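Trainee: I am new to this structure and would like a close look at a single part of it. Could you pick one helix and walk me through its surroundings?

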Amino acid sequence: MSVPLRQAIRVGSYVVKQHLLGRKRYPLVLMLEPLFRCNLACAGCGKIDYPAEILNKRISVQEALDAANECGAPVVSIAGGEPLLHKELPEIVDRLINEQKRSIYLCTNALLLEKKMDLYKPSPYFTWSVHLDGSKAEHDKSVCQEGVYEQAVEAIKKAKAAGFNVNINCTFFDGTDADRAASFFDDVMAMGVDGITVSPGYAYERAPDQQHFLNRKKTKDLFRAIFRKGNGGRRWQFSQSTMFLDFLAGNQAYHCTPWANPTRNVFGWQRPCYLLGEGYAKTFTELMETTDWDKYGVGNYEKCADCMVHSGFEGSAVKDTIRNPLKALKVVMKGIETEKPMVPDISLDKQRPAEYVFSSHVEKAMHEIHEEKDRLKQGRAAAE
Ligand code: SF4
């Protein structure tokens, strides 16, 4: 139950170096969203309901390289939207791996994977991270389209046959059945995937379906029930730290470390995290230095109350592993506790109420797009 060894060593030595340098906050995984356009419209997605002008925007090759360079995280997770719709993505991936020595997770719904596979090369530093939220019935329901599961499974098999690393990236919502989730993990391991990334869904303000997100108590109960089934000798390989999984099972009470997974998208650097959009910074340094981090997190802010998402808490788990290696080793050796009482959760008594600020950056971006269009029009008129 752990991340692949090669990546664990790379990330582990980076984290130890940050500790030795005395850095309080540092990034682990850059969440790069080079576009929001997608070829699906999933009910739980908070990323795709922007105006067409925003959906048509792309992060350029240079912007992507600059973002990774400025941030310095050893891992880049490329998400979206559907990244395979971005025409320059093969160049971005190639240069991030070969010029900057980053490990890449390319998140995709796999609808275009077979068609675009030849544009990418198998490498120990490149992993397809295929979105699958469960077996056929659950996944097709989650993505609101029939037949997507079968296409994704076919693409996974072809990618494995071509020599690629393949990871499954799944999000569980309220109503997930532990037995079915455990069988799904068995199925994907039987497909030969290299790892599973699992997370409870975050209740995005922009998601069309607000009814089926998990709260923290339900999340912990669900993951305990799933891990209980895994403790009987099933061999599930997760691409996450064991301590994050222990946190999902209610055995750790972490505060989030959103700066560990900073997000760069077409608006800029998203504040404070991948999940909340409460303003944007122009640079990574500005994000780190001017975000009031203490205003966010469980117990601090109403919008964070139910969050246990990997992009918010994997960094906390990694930090805990480095600080308390014996505790982490014990969990690795004994397996995740599923029977003893859970640790008390962080109190929500003093959290500040939610502020609804999510549309101001959209209005600003629309204004800039229209200004740019007017400038081009005036330039053309002057040239005629
Ligand atoms: S708890 Fe942390 S990671 Fe989760 S939404 Fe709040 S700030 Fe983001």
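Mentor: Happy to help; what follows takes one helix as its main subject and then visits a few other places in the chain. Keep in mind from the start that this is a predicted model.

Let us begin with the overall layout. The protein is divided into domain 1, which covers residues 5–353, and domain 2, which covers 356–384. Between the C-alpha centres of domain 1 and domain 2 there are 33 Å.

Our helix is H12, made up of residues 310–323. Its 14 residues reach 19 Å from the first C-alpha to the last, and that is close to the 20 Å expected at 1.5 Å a residue.

Now look at how H12 sits in its surroundings. Of its 14 residues, 11 are buried, so the helix is largely enclosed by the rest of the structure. You can trace the buried positions along H12 yourself: they are His310, Ser311, Gly312, Phe313, Glu314, Gly315, Ser316, Ala317, Val318, Lys319 and Thr321. What covers these buried residues includes both helices and strands. Among the helices are H1 (5–20), H10 (242–248) and H13 (325–334), while strands S1 (29–32) and S6 (195–200) are also part of the cover.

One residue of H12 leads us to the ligand. Gly312, buried in the helix, is listed with Cys256, Cys273, Cys304 and Cys307 as the closest of the 13 residues that surround the ligand. By class, that shell holds 11 nonpolar and 2 polar residues, with no charged ones.

For a strand with many buried residues, turn to S4, residues 126–131. This strand is mostly covered, as 5 of its 6 residues are buried. S4 has a parallel partner in strand S3 (residues 103–108), joined to it by 5 bridges. Within that pairing, Ile104 stands opposite Phe126 of S4. S4 also pairs with strand S5 (residues 165–172), again in the parallel sense and over 5 bridges. Here Thr127 has Asn165 in S5 as its bridge partner.

Finally, here is a place with a more open setting. Glu289 belongs to helix H11, residues 284–290. With 10 other C-beta atoms within 10 Å, Glu289 is exposed, because a residue counts as exposed when that number is 12 or fewer. If you would like a landmark for it, try Glu368: Glu289 and Glu368 are 79 residues apart in sequence, and their C-alpha atoms are 25 Å apart in space.

Methods:
Residues numbered from 1 in each chain as written. Predicted model: local features only at pLDDT ≥ 70, side-chain atom pairs only at ≥ 80, totals over all residues. Domains from an automatic or database assignment. Near = placed C-beta within 6 Å. Nonpolar A, V, L, I, M, F, W, Y, C, P; charged D, E, K, R; others polar. Helix = DSSP H or I, 4+ residues; strand = E, 2+ residues; numbered from the N terminus. Buried ≥ 20, exposed ≤ 12 C-beta atoms within 10 Å, placed from the backbone. Expected span 1.5 Å × (residues − 1). Contact = placed C-beta atoms within 7 Å. Pairing = 2+ DSSP bridges.
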